Amino acid sequence: MDPPAAQSRASDSGISVLPPDCLLLVLATLPAEALARFLQASPLMRAIASSPALWRRHCASIWPEDAAPASPSRYARHVHLFRGVLLCCTGMAPEAKAKAHRWVESMGGRCECDMSLTGSTGGVKATHVLCGDASTDKARAARGRTRLLRPEWLHDSLREARLL
């Protein structure tokens, strides 16, 4: 039996059979990075690992004076969720584009309005193109060369506390 299959069966028959209150106590001992990985394990684990009670300690260590609700997305702001992302937006309303830029830049990414999609013109290559309208020239040029994403990608990445 290969190790991933054995590990999967062990987790299916082990940790998931614990009562949710016991599982919360176990998860409370984990560092934030490990807790974030639990968000990806299964819908049940995501529901339990999203508990504000689990994230309160991690958020309080960063913002002790802040009374904002603790959550995986709140913690993601500190761990630079969008580090390494060079975002280019197209086909979006100015307010939506400004909001996307604020989010990405506040979490470690960079945003450029006019940039090379291929890197061949001496410009920096976009890693992600956020498209409100996939029929724009920029979106068509990006197709097959970089990640072409809908604006919901930002919300989904924040909700999951990982770069999707």
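**Fold, sheet and cysteines of the chain**

Read from the N terminus, the elements of the chain follow the order α-α-α-α-α-α-β-α-β-β-α-β-α. In this predicted model, that pattern amounts to nine helices and four strands. The chain has 164 residues, and 36% of them count as buried. Its exposed surface comes to about 9300 Å², with carbon and sulfur atoms supplying 57% of that area. How much of the contact pattern comes from residues 24 or more positions apart? Among contacts with a separation of 6 or more, such pairs account for 49%.

The strands are a good place to look next. Strands of a sheet pair through backbone hydrogen bonds, in either a parallel or an antiparallel way. Here, four strands form an open sheet in the order E2-E1-E3-E4, and the pairing is parallel. Strand E2 (110–111) and strand E4 (147–149) are the edge strands, each pairing on one side only. Strand E1, covering residues 86–90, pairs with strand E3, covering residues 128–131, in the parallel sense through four bridges. Within this part of the sheet, Cys88 stands opposite Val129 of E3.

A helpful residue to follow from here is Gly132, which lies in the loop between E3 and helix H8 (137–142). Is Gly132 buried, partly exposed or exposed? With a relative accessible area of 33%, Gly132 is partly exposed. Leaving aside residues up to four places away in sequence, Gly132 touches Thr90, Gly91, Met92, Arg150 and Pro151. Gly132 and Cys89 are 43 residues apart along the chain, yet their C-alpha atoms are separated by 8.0 Å.

Cys89 leads on to the question of disulfides. How many disulfides does the structure hold? The count is zero. Why is Cys89 not bonded to Cys111, whose sulfur is the closest cysteine sulfur to its own? The two sulfur atoms are 6.1 Å apart, which is too far for a bond, because a disulfide requires cysteine sulfur atoms within 2.5 Å. Cys111 is likewise in no disulfide, and its nearest cysteine sulfur is that of Cys89. As for their surroundings, Cys89 has a relative accessibility of 2% and so counts as buried. Cys111 has a relative accessible area of 10% and is therefore buried too, since the cut-off for buried is under 20%.

Technical notes:
Residues numbered from 1 in each chain as written. Predicted model: local features only at pLDDT ≥ 70, side-chain atom pairs only at ≥ 80, totals over all residues. Heavy atoms only, no water. Helix = DSSP H or I, 4+ residues; strand = E, 2+ residues; numbered from the N terminus. Buried < 20%, exposed > 50% of the residue type's maximum accessible area, 1.4 Å probe, protein only. Contact = heavy atoms within 4.5 Å. Areas by Shrake-Rupley, 256 points an atom, 1.4 Å probe, with all protein chains shown as cover. Pairing = 2+ DSSP bridges.
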